[in-house]
Amino acid sequence: MSTRFDPLPSTQPTADHIRDNILENPGFGRYFTDHMAHVRWTLDNGWHGHEVRPYGPLTLDPAAAVLHYGQEIFEGVKAYRHADGSVWTFRPEKNAERFRRSARRLALPELSDDDFIGSLKALLAQDHAWVPTPSSDADECSLYLRPFMIASEKFLGVRPSHEVDYYVIASPAAAYFKGGIEPVSIWLSTNYNRAAPGGTGFAKCGGNYAASLAAQKEAEAHGCGQVAFLDATENKWVEELGGMNLFFVFKDGRIVTPKLTGTILEGVTRDSVLTLAKDEGLTPEERHISIDEWRDGAASGEITEIFACGTAAVITPVGELVGENERIRLTAGGDNDIAKRLRTKLLDLQYGRSEDSRSWLTRLI
Ligand SMILES: *Cc1c(COP(=O)(O)O)cnc(C)c1O
(Lines give C-alpha, C1' and ligand atoms only; values in the text may rest on other atoms or scores of the structure.)
Protein backbone atom coordinates (compact mmCIF):
# COMPACT_ATOMS: atom_id res chain seq x y z
CA MET A 1 0.00 0.00 0.00
CA SER A 2 1.58 3.25 -0.93
CA THR A 3 0.81 6.54 0.74
CA ARG A 4 -1.26 9.01 -1.17
CA PHE A 5 0.40 12.27 -2.15
CA ASP A 6 -2.28 14.91 -2.79
CA PRO A 7 -1.63 16.70 -6.08
CA LEU A 8 -1.83 20.50 -6.02
CA PRO A 9 -1.05 21.26 -9.68
CA SER A 10 0.71 24.49 -10.57
CA THR A 11 -1.54 27.13 -12.13
CA GLN A 12 1.49 28.51 -14.02
CA PRO A 13 3.40 25.53 -15.40
CA THR A 14 6.29 26.19 -17.79
CA ALA A 15 5.09 26.53 -21.40
CA ASP A 16 5.86 23.48 -23.58
CA HIS A 17 8.18 25.36 -25.94
CA ILE A 18 10.17 26.85 -23.05
CA ARG A 19 10.54 23.44 -21.39
CA ASP A 20 11.56 21.86 -24.71
CA ASN A 21 14.21 24.55 -25.09
CA ILE A 22 15.56 23.85 -21.60
CA LEU A 23 15.60 20.09 -22.24
CA GLU A 24 17.76 20.59 -25.32
CA ASN A 25 20.58 21.95 -23.20
CA PRO A 26 19.79 21.54 -19.50
CA GLY A 27 23.34 21.57 -18.08
CA PHE A 28 23.33 20.31 -14.50
CA GLY A 29 21.31 21.69 -11.57
CA ARG A 30 20.31 24.92 -13.30
CA TYR A 31 16.61 24.41 -14.06
CA PHE A 32 13.89 22.93 -11.91
CA THR A 33 10.55 21.38 -12.76
CA ASP A 34 7.09 22.79 -11.99
CA HIS A 35 6.41 20.84 -8.80
CA MET A 36 7.97 19.48 -5.63
CA ALA A 37 6.92 16.68 -3.30
CA HIS A 38 6.54 17.52 0.38
CA VAL A 39 5.85 15.63 3.61
CA ARG A 40 5.82 17.21 7.05
CA TRP A 41 6.89 15.61 10.33
CA THR A 42 6.17 16.72 13.87
CA LEU A 43 7.10 15.03 17.11
CA ASP A 44 3.42 14.70 18.04
CA ASN A 45 1.97 13.60 14.69
CA GLY A 46 4.81 11.87 12.83
CA TRP A 47 4.82 12.06 9.01
CA HIS A 48 1.71 13.67 7.49
CA GLY A 49 0.44 16.08 4.84
CA HIS A 50 1.86 14.19 1.82
CA GLU A 51 1.48 16.47 -1.21
CA VAL A 52 2.94 17.44 -4.56
CA ARG A 53 2.72 21.20 -4.80
CA PRO A 54 4.00 23.91 -7.16
CA TYR A 55 7.77 24.40 -7.06
CA GLY A 56 8.69 27.61 -5.30
CA PRO A 57 10.51 29.32 -2.42
CA LEU A 58 10.04 27.93 1.08
CA THR A 59 8.81 30.03 3.94
CA LEU A 60 11.18 29.41 6.83
CA ASP A 61 11.38 31.19 10.14
CA PRO A 62 14.78 32.91 10.48
CA ALA A 63 15.21 30.90 13.69
CA ALA A 64 14.60 27.56 11.88
CA ALA A 65 17.10 25.07 13.31
CA VAL A 66 18.56 24.06 9.93
CA LEU A 67 19.80 27.62 9.31
CA HIS A 68 21.86 27.62 12.51
CA TYR A 69 22.89 24.08 13.33
CA GLY A 70 22.80 22.44 9.91
CA GLN A 71 20.44 19.55 10.76
CA GLU A 72 19.93 18.47 7.14
CA ILE A 73 20.37 15.40 4.91
CA PHE A 74 19.84 14.71 1.22
CA GLU A 75 19.88 12.11 -1.53
CA GLY A 76 20.64 12.05 -5.24
CA VAL A 77 18.68 9.80 -7.62
CA LYS A 78 18.16 9.88 -11.38
CA ALA A 79 15.10 9.14 -13.53
CA TYR A 80 15.91 7.69 -16.96
CA ARG A 81 13.63 7.65 -19.99
CA HIS A 82 13.65 4.34 -21.88
CA ALA A 83 13.13 3.94 -25.62
CA ASP A 84 9.42 3.08 -25.16
CA GLY A 85 8.83 6.35 -23.27
CA SER A 86 8.57 4.76 -19.81
CA VAL A 87 10.58 6.34 -16.94
CA TRP A 88 12.64 4.32 -14.47
CA THR A 89 14.95 4.81 -11.54
CA PHE A 90 17.91 2.76 -10.34
CA ARG A 91 17.98 0.90 -6.98
CA PRO A 92 15.93 3.55 -5.12
CA GLU A 93 15.53 1.23 -2.12
CA LYS A 94 19.31 1.63 -1.56
CA ASN A 95 18.88 5.41 -1.45
CA ALA A 96 15.87 5.07 0.86
CA GLU A 97 17.90 2.88 3.22
CA ARG A 98 20.86 5.28 3.15
CA PHE A 99 18.51 8.21 3.76
CA ARG A 100 17.38 6.48 6.97
CA ARG A 101 21.02 5.85 7.98
CA SER A 102 21.79 9.53 7.40
CA ALA A 103 18.63 10.50 9.32
CA ARG A 104 19.66 8.43 12.37
CA ARG A 105 23.11 10.07 12.44
CA LEU A 106 21.67 13.57 12.19
CA ALA A 107 18.90 12.77 14.73
CA LEU A 108 16.21 13.31 12.09
CA PRO A 109 13.07 11.13 11.74
CA GLU A 110 13.27 8.09 9.44
CA LEU A 111 11.21 7.98 6.26
CA SER A 112 9.83 4.63 5.01
CA ASP A 113 10.68 3.12 1.60
CA ASP A 114 7.03 3.62 0.78
CA ASP A 115 7.14 7.37 1.39
CA PHE A 116 10.59 7.79 -0.19
CA ILE A 117 9.86 5.90 -3.40
CA GLY A 118 6.21 7.09 -3.30
CA SER A 119 7.42 10.72 -3.30
CA LEU A 120 9.50 10.12 -6.44
CA LYS A 121 6.55 8.48 -8.21
CA ALA A 122 4.15 11.23 -7.13
CA LEU A 123 6.47 14.00 -8.34
CA LEU A 124 7.03 12.23 -11.67
CA ALA A 125 3.26 11.80 -12.12
CA GLN A 126 3.09 15.62 -12.36
CA ASP A 127 6.43 16.38 -14.02
CA HIS A 128 7.11 13.42 -16.35
CA ALA A 129 7.36 15.75 -19.35
CA TRP A 130 10.57 17.08 -17.77
CA VAL A 131 12.40 13.77 -18.20
CA PRO A 132 14.60 14.30 -21.28
CA THR A 133 14.58 11.74 -24.10
CA PRO A 134 18.08 10.54 -25.07
CA SER A 135 18.88 11.32 -28.69
CA SER A 136 21.35 8.39 -28.90
CA ASP A 137 23.02 5.75 -26.69
CA ALA A 138 25.74 8.32 -25.95
CA ASP A 139 23.24 10.92 -24.69
CA GLU A 140 23.32 10.67 -20.88
CA CYS A 141 20.41 12.94 -20.16
CA SER A 142 18.14 12.28 -17.18
CA LEU A 143 15.97 13.98 -14.60
CA TYR A 144 18.06 14.38 -11.43
CA LEU A 145 15.92 13.98 -8.29
CA ARG A 146 17.00 15.59 -5.06
CA PRO A 147 15.16 14.40 -1.92
CA PHE A 148 16.16 16.33 1.22
CA MET A 149 15.06 16.79 4.81
CA ILE A 150 15.47 19.89 6.99
CA ALA A 151 14.94 20.83 10.63
CA SER A 152 12.31 23.56 10.40
CA GLU A 153 11.39 24.19 14.02
CA LYS A 154 11.75 27.79 15.21
CA PHE A 155 14.11 27.69 18.18
CA LEU A 156 17.68 28.51 19.08
CA GLY A 157 18.84 25.65 21.20
CA VAL A 158 20.92 22.60 20.55
CA ARG A 159 18.59 19.60 20.40
CA PRO A 160 16.94 17.63 17.59
CA SER A 161 14.18 19.63 15.93
CA HIS A 162 10.57 18.71 16.76
CA GLU A 163 9.45 19.84 13.30
CA VAL A 164 10.95 18.56 10.07
CA ASP A 165 10.11 18.94 6.38
CA TYR A 166 10.97 16.52 3.60
CA TYR A 167 10.97 17.66 -0.03
CA VAL A 168 11.88 16.30 -3.44
CA ILE A 169 12.86 18.71 -6.20
CA ALA A 170 13.84 17.70 -9.73
CA SER A 171 16.25 19.12 -12.28
CA PRO A 172 16.75 18.01 -15.90
CA ALA A 173 20.38 17.06 -16.48
CA ALA A 174 22.85 16.49 -19.28
CA ALA A 175 26.11 14.62 -18.59
CA TYR A 176 27.68 15.88 -15.32
CA PHE A 177 31.15 16.53 -16.68
CA LYS A 178 31.12 18.37 -19.98
CA GLY A 179 34.15 16.42 -21.11
CA GLY A 180 32.21 13.11 -20.93
CA ILE A 181 34.76 10.44 -20.06
CA GLU A 182 37.80 12.67 -20.36
CA PRO A 183 40.07 11.89 -17.39
CA VAL A 184 39.89 14.48 -14.60
CA SER A 185 42.68 15.94 -12.44
CA ILE A 186 42.26 15.44 -8.71
CA TRP A 187 43.75 17.53 -5.92
CA LEU A 188 45.24 15.65 -2.96
CA SER A 189 44.10 17.48 0.14
CA THR A 190 46.67 17.52 2.92
CA ASN A 191 45.36 20.59 4.78
CA TYR A 192 41.83 19.28 5.20
CA ASN A 193 39.98 16.07 5.98
CA ARG A 194 36.40 15.30 4.97
CA ALA A 195 35.42 12.95 7.76
CA ALA A 196 36.73 11.63 11.05
CA PRO A 197 35.94 8.46 13.03
CA GLY A 198 32.67 8.91 14.89
CA GLY A 199 31.75 11.85 12.66
CA THR A 200 29.27 12.11 9.79
CA GLY A 201 31.34 10.79 6.85
CA PHE A 202 28.93 7.92 6.09
CA ALA A 203 25.89 10.23 6.15
CA LYS A 204 24.83 12.24 3.12
CA CYS A 205 24.50 15.60 4.87
CA GLY A 206 25.06 19.16 3.73
CA GLY A 207 27.57 19.70 6.53
CA ASN A 208 30.07 17.31 4.91
CA TYR A 209 29.88 19.32 1.72
CA ALA A 210 30.16 22.66 3.54
CA ALA A 211 33.33 21.36 5.19
CA SER A 212 34.80 20.28 1.83
CA LEU A 213 34.47 23.65 0.08
CA ALA A 214 37.77 25.15 1.32
CA ALA A 215 39.58 22.09 -0.08
CA GLN A 216 37.57 22.42 -3.29
CA LYS A 217 38.79 26.03 -3.61
CA GLU A 218 42.39 24.83 -3.20
CA ALA A 219 41.77 22.21 -5.88
CA GLU A 220 40.50 24.81 -8.32
CA ALA A 221 43.48 27.07 -7.62
CA HIS A 222 45.65 24.13 -8.74
CA GLY A 223 43.65 23.40 -11.87
CA CYS A 224 41.80 20.42 -10.42
CA GLY A 225 38.06 19.77 -10.49
CA GLN A 226 37.78 17.41 -7.50
CA VAL A 227 39.47 16.66 -4.18
CA ALA A 228 40.77 13.32 -2.87
CA PHE A 229 40.58 13.07 0.91
CA LEU A 230 42.74 10.93 3.18
CA ASP A 231 41.74 9.49 6.56
CA ALA A 232 41.80 11.97 9.44
CA THR A 233 43.75 9.79 11.89
CA GLU A 234 46.93 8.92 9.98
CA ASN A 235 46.56 11.00 6.81
CA LYS A 236 47.65 7.90 5.01
CA TRP A 237 44.61 5.97 3.75
CA VAL A 238 42.72 7.01 0.65
CA GLU A 239 39.03 7.54 1.39
CA GLU A 240 37.09 9.17 -1.44
CA LEU A 241 36.46 12.36 -3.38
CA GLY A 242 34.16 15.11 -2.09
CA GLY A 243 31.16 13.48 -3.75
CA MET A 244 32.38 10.28 -5.44
CA ASN A 245 33.89 6.93 -4.46
CA LEU A 246 37.23 5.72 -5.86
CA PHE A 247 38.33 2.50 -7.59
CA PHE A 248 41.82 1.25 -8.49
CA VAL A 249 42.28 -1.34 -11.24
CA PHE A 250 45.37 -3.55 -11.01
CA LYS A 251 47.28 -5.24 -13.82
CA ASP A 252 46.29 -8.71 -12.54
CA GLY A 253 42.54 -8.00 -12.65
CA ARG A 254 41.97 -6.96 -9.05
CA ILE A 255 39.73 -3.92 -8.62
CA VAL A 256 40.12 -2.25 -5.25
CA THR A 257 37.92 0.29 -3.48
CA PRO A 258 38.51 1.66 0.03
CA LYS A 259 36.70 -0.33 2.68
CA LEU A 260 33.74 1.28 4.45
CA THR A 261 34.78 2.20 7.97
CA GLY A 262 32.21 4.90 8.80
CA THR A 263 34.14 7.76 7.23
CA ILE A 264 33.26 6.92 3.62
CA LEU A 265 29.89 7.47 1.97
CA GLU A 266 28.47 4.14 0.80
CA GLY A 267 27.68 4.90 -2.84
CA VAL A 268 24.98 3.03 -4.73
CA THR A 269 27.22 3.28 -7.79
CA ARG A 270 30.14 1.88 -5.75
CA ASP A 271 28.04 -1.13 -4.76
CA SER A 272 26.83 -1.63 -8.34
CA VAL A 273 30.40 -1.44 -9.71
CA LEU A 274 31.53 -4.09 -7.20
CA THR A 275 28.79 -6.40 -8.49
CA LEU A 276 29.27 -5.66 -12.21
CA ALA A 277 33.07 -6.01 -11.92
CA LYS A 278 32.60 -9.64 -10.92
CA ASP A 279 30.47 -10.23 -14.05
CA GLU A 280 33.36 -8.78 -16.05
CA GLY A 281 35.74 -11.37 -14.62
CA LEU A 282 37.51 -8.91 -12.32
CA THR A 283 38.28 -9.58 -8.66
CA PRO A 284 36.76 -6.88 -6.45
CA GLU A 285 38.44 -6.11 -3.12
CA GLU A 286 37.25 -3.78 -0.38
CA ARG A 287 40.28 -2.92 1.71
CA HIS A 288 42.48 -0.07 2.90
CA ILE A 289 44.63 1.46 0.20
CA SER A 290 47.35 3.93 1.18
CA ILE A 291 48.49 7.01 -0.68
CA ASP A 292 51.91 5.29 -0.96
CA GLU A 293 50.33 2.29 -2.69
CA TRP A 294 48.73 4.78 -5.13
CA ARG A 295 52.15 6.46 -5.73
CA ASP A 296 54.05 3.19 -6.08
CA GLY A 297 51.40 1.36 -8.12
CA ALA A 298 51.09 4.28 -10.52
CA ALA A 299 54.89 4.42 -10.98
CA SER A 300 55.45 0.67 -11.31
CA GLY A 301 52.54 0.04 -13.65
CA GLU A 302 50.77 -2.28 -11.15
CA ILE A 303 47.80 0.11 -11.19
CA THR A 304 46.45 0.45 -14.72
CA GLU A 305 43.32 2.54 -14.14
CA ILE A 306 41.80 4.75 -11.47
CA PHE A 307 38.25 6.00 -11.63
CA ALA A 308 35.67 7.82 -9.52
CA CYS A 309 31.98 6.93 -9.43
CA GLY A 310 28.66 8.35 -8.31
CA THR A 311 25.09 8.80 -9.55
CA ALA A 312 25.67 12.27 -10.97
CA ALA A 313 28.85 11.59 -13.00
CA VAL A 314 28.48 7.75 -13.34
CA ILE A 315 32.13 6.64 -13.84
CA THR A 316 34.90 9.12 -14.54
CA PRO A 317 38.57 8.18 -15.06
CA VAL A 318 41.13 9.94 -12.87
CA GLY A 319 43.96 11.25 -15.05
CA GLU A 320 46.34 12.51 -12.40
CA LEU A 321 46.58 13.23 -8.68
CA VAL A 322 48.09 16.63 -7.96
CA GLY A 323 49.72 17.35 -4.59
CA GLU A 324 51.61 20.30 -3.12
CA ASN A 325 54.90 19.00 -4.59
CA GLU A 326 53.96 16.16 -6.90
CA ARG A 327 51.94 14.91 -9.83
CA ILE A 328 51.03 11.24 -9.78
CA ARG A 329 50.24 9.81 -13.20
CA LEU A 330 49.84 6.21 -14.31
CA THR A 331 52.78 4.92 -16.31
CA ALA A 332 50.79 1.93 -17.58
CA GLY A 333 47.32 1.80 -19.08
CA GLY A 334 45.87 5.07 -20.23
CA ASP A 335 43.06 3.60 -22.30
CA ASN A 336 40.68 3.35 -19.31
CA ASP A 337 39.21 0.30 -20.95
CA ILE A 338 37.70 -1.19 -17.78
CA ALA A 339 36.20 2.12 -16.65
CA LYS A 340 34.59 2.45 -20.07
CA ARG A 341 33.27 -1.12 -20.05
CA LEU A 342 31.77 -0.79 -16.57
CA ARG A 343 30.32 2.59 -17.47
CA THR A 344 28.62 1.20 -20.57
CA LYS A 345 27.24 -1.76 -18.57
CA LEU A 346 25.79 0.56 -15.96
CA LEU A 347 24.28 2.98 -18.48
CA ASP A 348 22.83 0.17 -20.61
CA LEU A 349 21.05 -1.14 -17.51
CA GLN A 350 19.83 2.29 -16.40
CA TYR A 351 18.50 3.21 -19.85
CA GLY A 352 16.85 -0.20 -20.33
CA ARG A 353 19.16 -1.31 -23.14
CA SER A 354 20.19 -4.53 -21.38
CA GLU A 355 18.30 -7.09 -19.34
CA ASP A 356 17.66 -6.06 -15.74
CA SER A 357 18.43 -9.51 -14.33
CA ARG A 358 18.94 -8.22 -10.76
CA SER A 359 15.72 -6.16 -10.68
CA TRP A 360 17.66 -2.98 -10.06
CA LEU A 361 15.13 -0.81 -11.88
CA THR A 362 11.89 0.62 -10.48
CA ARG A 363 9.33 2.08 -12.85
CA LEU A 364 8.24 5.62 -11.98
CA ILE A 365 5.93 6.29 -14.95
C1 LIG B 1 26.55 10.82 -2.98
C2 LIG B 1 27.98 10.58 -2.69
C3 LIG B 1 28.71 9.55 -3.32
C4 LIG B 1 28.15 8.70 -4.42
O5 LIG B 1 27.03 7.95 -4.06
P6 LIG B 1 26.05 7.34 -5.17
O7 LIG B 1 25.00 6.67 -4.37
O8 LIG B 1 26.85 6.42 -5.97
O9 LIG B 1 25.56 8.50 -5.95
C10 LIG B 1 30.02 9.35 -2.93
N11 LIG B 1 30.59 10.11 -1.98
C12 LIG B 1 29.93 11.12 -1.38
C13 LIG B 1 30.62 11.93 -0.34
C14 LIG B 1 28.60 11.38 -1.71
O15 LIG B 1 27.96 12.39 -1.11
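Is Phe-99 buried or exposed? In this predicted model, Phe-99 counts as buried, because its relative accessibility is 1%. Let's look at some rings up close.

**View 1. Phe-99 and Phe-116 make a tilted aromatic pair.** The structure holds 10 aromatic pairs. In the pair of Phe-99 and Phe-116, the ring centres are 5.6 Å apart and the planes meet at 50°. Phe-99 belongs to helix α3 (residues 92–105) and Phe-116 to helix α4 (residues 113–127), so this pair ties together parts that are 17 residues apart in sequence. Phe-116 is buried, because its relative accessible area is 0%.

**View 2. Phe-248 and Trp-294 meet edge-to-face.** Here the centre-to-centre distance is 5.0 Å, with 75° between the planes. Since Phe-248 sits in strand β12 (residues 245–250) and Trp-294 in helix α7 (residues 291–300), the pair ties together parts that are 46 residues apart in sequence. Phe-248 counts as buried at 0% relative accessibility, and Trp-294 is buried too, with a relative accessible area of 1%.

**View 3. Phe-99 and Phe-116 also belong to a cluster.** You have met these two residues already; ring pairs link Phe-99 and Phe-116 with Tyr-166.

**View 4. Arg-159 places its charged end over a ring.** The ring belongs to Phe-155, and the charged end of Arg-159 is 4.1 Å from the ring's centre.

**View 5. Arg-358 lies over the face of Trp-360.** In this view, look for Arg-358 at 5.5 Å from the ring centre of Trp-360.

Key:
Residues are numbered from 1 along each chain as its sequence is written. This is a predicted model: local features need pLDDT of at least 70, side-chain atom pairs count only at pLDDT 80 or more; totals for chains, interfaces and linings use all residues. Side-chain values use heavy atoms; hydrogens and water are left out. Rings of Phe, Tyr and Trp (its six-membered ring) pair if their centres lie within 6.5 Å; planes under 30 degrees apart count as stacked, over 60 as edge-to-face and the rest as tilted. Helices (H or I, at least four residues) and strands (E, at least two) are DSSP runs, numbered from the N terminus. Buried means under 20% relative accessible area, exposed over 50%, partly exposed in between (1.4 Å probe, protein chains only). A charge sits over a ring if NZ of Lys or CZ of Arg is within 6 Å of the ring centre and within 35 degrees of the ring normal.
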